[in-house]
Structure formats: structure tokens, C-alpha cells
Amino acid sequence: MKADRKLLSLPLALILASSATAGEKEELLKLKNTTVNLIDMLVQQGIIDKTKAEEMIRQAEVKASEEAKAEAAKEEQAVAKENGGNGKPGSAPVRVTYVPDFVKDEIRRQVRDELRDEVVKDVKIHAKNEQWGVPAALPDWVNRFKLSGDVRLRGEGDFFSSRNPLNDDVLGLRFAANPWPYANWQAVNSGKDLNDIRTDSEAYLNTSEDVYRYRMRLRLGLDAQIADSLKAGVRLASSNSRSPVSTNQTLGQTGQQYDIALDRAFLQYDLVDRRGTDWLTVWAGRTLNPWLSTDNLFDSDLSFEGVSGTVRLPLPGADSSYTPPSPTARYGTSMGYTQPNSLFLTGGAYPLQELQLSRDDKWLFGGQLGADVLFGGNTRFKTAVAYYEYRNIKARVNTPDEAGGDLGDNDHTAPQFLQKGNTLMQINDNGGFVGGDPFNTLTKVGLASGFQIFNAVATLDYGGFGDNHIILTADYAKNVGFDEDEILGRISPTTFGIVNYDALEDRTSAWQVRMDVGRPEIKRWSDWNAFLAYKYLERDAVLDAFTDSDFHLGGTNARGWVFGANYGLAKNTWLTGRWMSADQIDGPDYAIDVLMVDLNARF
């Protein structure tokens with residue numbers, strides 16, 4: 001900081017005392033009189049006696065006289081030096097202003113006080129950035145661990161349209177042409193009985209009773225830097241549903257303790273060259289979502305078990321110092337793990353179900369090619385095309401036995417987890433409907449269609465409004481694995497066949513458009529954003545097990561709107577509100593509106 005700026009903050013009396021010329025003696029006399037008056041007042045108050053006061057004044061006069069003579073000598077020397085030391089008459093004199101020592105001391109004191117705070121602040125910043133003393137004071141392993149976590153408290157309301165049939169009427173539809181339009185197939189595959197005629201039977205979906213529930217989610221993560229390029233990660237999460245697409249803990253368990261699950265456990269390797277370019281990231285284990293994608297394909301809570309890798313090729317103008325928002329900052333959208341101004345190629349292989357006595361293990365394979373471009377430092381465009389193939393997930397009918405039943409040899413082709421929407425077929429073959437009642441034979445169902453999905457996604461992030469952004473996202477998916485002839489060839493003529501739709505039709509497209517406005521990531525008080533989306537998912541466009549679990553309460557065969565907002569309440573604390581209104585596309589009426597209000601905090 002410049003000296004003249006500091007002097008501007010000094011008292012006016014000190015400035016006059018240090019720079020006055022004609023009135024200098026008058027000002028000094030005023031100052032002397034003030035001092036003498038102050039000493040007299042101290043004597044009158046009895047603080048000091050008169051003898052000591054007189055001695056103080058005498059000593060001050062002597063010291064002032066000596067200093068005045070010294071300053072006069074210095075002035076004469078300066079004049080002589082300025083005139084070349086010859087003392088010639090007529091030379092222009094140089095005047096050196098006399099500044100008393102007490103004025104100098106006051107100037108030094110005030111400058112020191114004003115600089116102290118700024119110097120301390122600068123030192124703290126450097127100490128924090130350079131970690132002064134920390135490496136020497138703490139063990140090395142402490143610096144290699146990073147703890148993080150988040151807590152979410154949720155109030156949820158599920159509202160069922162008056163157009164839906166009443167729960168009491170659902171059982172009456174069992175013997176229609178489409179016998180089970182509201183069956184809970186996940187529960188059926190888990191052993192729930194479709195002959196259970198109670199209105200609260202878990203074998204059937206809720207169609208008419210509004211539900212209010214309170215939920216929470218706790219996630220605790222730990223990252224360990226093993227070496228310069230190798231990291232290990234672990235995350236624990238609450239969950240009492242054991243669902244791959246939800247880590248919610250529903251409250252109201254009569255005081256029973258909550259379950260904690262191992263949500264992630266992985267190794268991550270990053271290849272970074274000497275110039276700081278991050279070329280490659282490889283994950284192995286139970287990992288995060290590495291794909292540029294929306295929740296049409298993959299729910300935000302879904303973890304991927306297996307191996308993934310992303311290769312990044314920098315384009316001209318790449319800036320490795322740019323720090324993009326967190327890839328998971330926007331709920332419902334994964335932005336992938338890329339760098340601005342680069343091409344990227346992502347691949348992954350994930351086992352879905354391992355079968356000990358069969359070679360038909362279930363797998364998911366994926367590949368994605370895309371570009372990430374930064375324009376002008378505030379506009380970012382990302383786009384990618386991807387192909388996802390699910391292997392060995394199609395249902396197969398069991399082999400009949402001599403007693404009119406079946407051997408159960410293909411029960412393993414039933415999915416371990418599903419939500420609702422995909423076309424399903426019967427796996428059991430008990431020689432037809434026993435006694436004309438199909439419920440006596442149906443205990444397992446599986447996916448009728450194969451799933452080979454092409455996906456294209458693009459997002460434009462315009463940050464020309466300071467900290468606020470406008471983000472536009474578009475997503476399209478097409479399942480080319482649906483083959484009607486192949487499905488009919490797998491259905492036994494002695495079974496009921498397709499169990500949840502009247503007709504076997506090609507319904508294999510899904511798309512979504514979305515707009516976000518505001519801060520890309522909520523970090524502090526008054527940060528905000530709002531979003532609006534329209535979603536359309538035909539019944540066999542994507543695997544219903546892995547799509548969004550909130551919209552239409554999970555699954556495919558749904559269309560509708562999603563809108564909501566986030567608002568920062570404090571540092572890393574924010575409130576979220578979402579409204580989702582969805583209708584069923586094919587089949588009978590089944591409309592569901594969902595309201596969610598979340599209080600979020602992360603650390």
C-alpha cells in the first residue's frame with residue numbers, strides 16, 4: 001500500500017504539524033500550551049504533585065531545545081550540500097520542514113496499526129495455501145484422507161388421480177383380457193400371492209390412496225490418496241429398501257435402528273502428464289456414474305458395479321485450470337467426468353447377476369463418445385452419443401415336466417429387481433391354467449424384450465449472467481433390442497404369455513427436455529436455481545429397473561412434467577422443492593402426482 005494513502009488517514013493536526021511553513025511556530029505553541037494545561041489539570045486532580053509536574057516541563061524544554069539545535073544543524077548541512085558545498089550567495093535555499101519526534105512517532109504508530117490487520121490476513125492466506133507447519137506437525141496418512149458426507153430430510157406426498165380405479169376395484173380386473181394391469185411384479189417375483197384379495201395386498205400397486213411419508217438419507221464418504229495417481233473411495237448410505245435406485249430411509253419403524261449399506265467401494269486411477277493434462281481416469285469396484293446422461297436412463301442414486309474408464313483428448317485452447325461444477329451438482333443429470341475443450345471416450349462393463357450353474361451371467365456393457373467445448377470462458381457445450389447393451393436379461397419359459405408342471409430351470413431369468421413398465425412374460429409353464437385360474441400357475445415373470453439402447457444427449461450451459469446460468473438439456477433414447485418375432489418365439493403356446501399388456505407392441509423411444517436457471521451449484525446463503533422438464537418414456541425404451549425412481553413412482557410407460565427449485569439457507573445447506581405430474585402412456589389410467597420437499601446439508 002502506498003505511503004500517501006496511509007497519510008490521508010492521519011489526524012489533520014499531525015498533517016499540519018508536519019507540513020506547515022508560516023504557521024508552524026503558532027501550531028507548535030498551541031500544542032505546547034495544550035500539554036502544559038493538561039499537566040496542570042493532572043496536578044489539580046491530585047494525580048501528580050506540583051514538583052514532579054515542573055520537573056517534567058523542564059525536561060521537555062531541555063530536550064526540545066537540544067532537538068531543535070540538531071535539526072537546525074541538519075538543515076544547514078542540507079542547504080550546503082544542495083549548493084554544492086560552496087556557500088555562494090544568491091543560491092536558492094532549500095527548506096527542510098521540521099517534523100517533531102512526537103509527530104514522527106504518531107505517524108509510525110498509525111501506519112503500523114493500519115498495516116497490521118492486512119499483513120496478518122495475507123500471512124494467514126499464504127499459510128493456508130502452503131500448509132505451513134501442517135506436514136511436519138501431522139502424520140502423513142492424515143493428509144491422505146478426505147471425509148465427506150450429506151444428510152437429506154424429506155417430506156413426500158404421493159397423490160393418485162380420481163381417474164384411477166379404486167383399490168377395491170383392482171381385484172375385479174384380474175380376469176379381464178388384461179388380467180393384471182396393476183400387479184406389483186417385483187413383489188410377485190419375491191413370493192407375494194396374486195390370490196391375496198385384501199385391498200392392502202403387497203401383490204398389487206396402490207391406485208387410489210394418497211400417501212404421506214417422511215424420509216431421510218445419510219451418506220458418508222471417505223477418499224484415500226494411496227499414491228499420486230491412485231485413490232480409493234468408500235461410501236456408506238442409509239437404506240431400508242435395498243433398492244439399487246434409492247438410499248432413502250422411511251421413518252416410522254417403531255423405533256427400530258436404521259440400516260446402513262455399503263453404497264460405493266472403488267479404486268480410481270488418473271493419468272496426468274507433466275503439463276497437468278488429465279488424460280485418463282479408470283474406476284474399478286462399485287463406482288459413481290461415469291456417463292453423460294439423464295435420469296431417463298439412470299437414476300441419480302444408481303451405482304455401477306464393474307470397471308469404467310474415460311479417455312480425454314485435449315482440443316486447441318484447452319485450459320486445465322478451469323474448474324467445472326460438480327458432475328452431480330444438478331439432481332437428475334450426470335455431467336460425466338470430462339475437461340473443457342476436449343473429446344472424450346467412455347467405456348464400461350458391469351456384471352448385473354452372477355449365476356453359479358449357468359454361463360448366462362447378466363451384464364451391462366456401454367460405450368460413449370462425446371465432446372466438451374468451452375466458448376469465451378462462460379459458455380459450455382457438451383454432447384455425446386452412447387450405446388448400452390444388456391446381455392442375458394430376457395426371460396425364458398421353464399421346461400415342462402411329466403407331471404404337468406415345470407422344472408423351474410429358467411427361474412433365474414426373472415430379474416432380481418424391477419420397478420414397473422417394461423413388457424413382461426410368464427416364465428412358469430404348469431400346463432395351462434389350472435382349473436381355469438391363471439393365478440394357480442403364475443409365480444415368476446421376466447422381461448419379454450432385449451435392451452440395446454442408443455442414446456444421444458446434449459447440454460448447453462450459458463454463464464453470461466455472472467454467477468447465474470441458463471442450462472438447456474436434451475436427451476433421446478431408442479431401444480433397438482425389441483424384436484416382436486423373437487419374443488413370440490420364446491412364448492410357449494401353453495402359457496399365458498405377455499402378462500401386463502393386452503398387445504405386444506413396439507414402444508421403444510424415450511426423450512426429455514429440461515431447462516435450469518440460476519446457480520449451477522448451491523453453496524451458500526441465497527444461492528438459487530429453478531428447473532423445468534418434460535419426460536416421455538415408452539414402456540420398453542429403457543430398463544425400468546434403473547430409470548428415475550421418483551417420477552411416476554418409478555419405471556417406464558409414463559409421461560409428464562417436472563418442475564422445482566433450490567434455495568440456499570446457509571453454507572452448504574439448502575431447501576429443495578419438486579413437483580412431478582405423470583400419466584401412464586399405454587394401458588388403463590394410472591396417473592400419479594408427487595410432491596417432495598427436501599432439507600439438504602453437506603459437509
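Colleague: Why is Phe-298 called buried?
Modeller: Phe-298 has a relative accessible area of 3%, and buried means under 20%, exposed over 50% and partly exposed in between, with a 1.4 Å probe and protein chains only. Phe-298 therefore counts as buried. This is a predicted model, in which local features need pLDDT of at least 70 and side-chain atom pairs pLDDT 80 or more, while totals for chains, interfaces and linings use all residues. Residues are numbered from 1 along each chain as its sequence is written, and side-chain values use heavy atoms, without hydrogens and water.

Colleague: How do you know that Tyr-388 is buried?
Modeller: Its relative accessible area is 1%, so Tyr-388 falls in the buried class.

Colleague: How many aromatic pairs does the structure hold, and what makes Phe-298 and Tyr-388 an edge-to-face pair?
Modeller: There are 16 aromatic pairs. For Phe-298 and Tyr-388 the ring centres are 5.3 Å apart and the planes stand at 90 degrees. Rings of Phe, Tyr and Trp (its six-membered ring) pair if their centres lie within 6.5 Å, and planes under 30 degrees apart count as stacked, over 60 as edge-to-face and the rest as tilted. The pair is therefore edge-to-face.

Colleague: Which parts does this pair tie together?
Modeller: Phe-298 sits in the loop between β7 (292-294) and β8 (304-314), and Tyr-388 in strand β12 (residues 379-391), so the pair ties together parts 90 residues apart in sequence. Strands (E, at least two residues) and helices (H or I, at least four) are DSSP runs numbered from the N terminus.

Colleague: Why are Trp-363 and Phe-365 called stacked?
Modeller: Their rings lie 5.5 Å centre to centre with 10 degrees between the planes, so both values meet the cut-offs for a stacked pair. Trp-363, at 30%, is partly exposed, as is Phe-365, at 27%.

Colleague: What makes Leu-218 eligible for the nonpolar patch?
Modeller: Patches take residues with over 30% relative accessible area and no salt bridge, joining nonpolar side chains (Val, Leu, Ile, Met, Phe, Trp, Tyr) within 5 Å and like charges within 9 Å. A salt bridge is a side-chain nitrogen of Lys or Arg within 4 Å of a carboxyl oxygen of Asp or Glu. Leu-218 is a Leu with a relative accessible area of 32%, so its area passes the patch limit. Leu-218 lies in strand β2, and β2 gives the largest share of the patch, three residues. Among the other members are Trp-141, Val-234 and Phe-603, and the whole patch has about 1,100 Å² of accessible area, from the Shrake-Rupley method.

Terms used. Areas by Shrake-Rupley, 256 points an atom, 1.4 Å probe, with all protein chains shown as cover.
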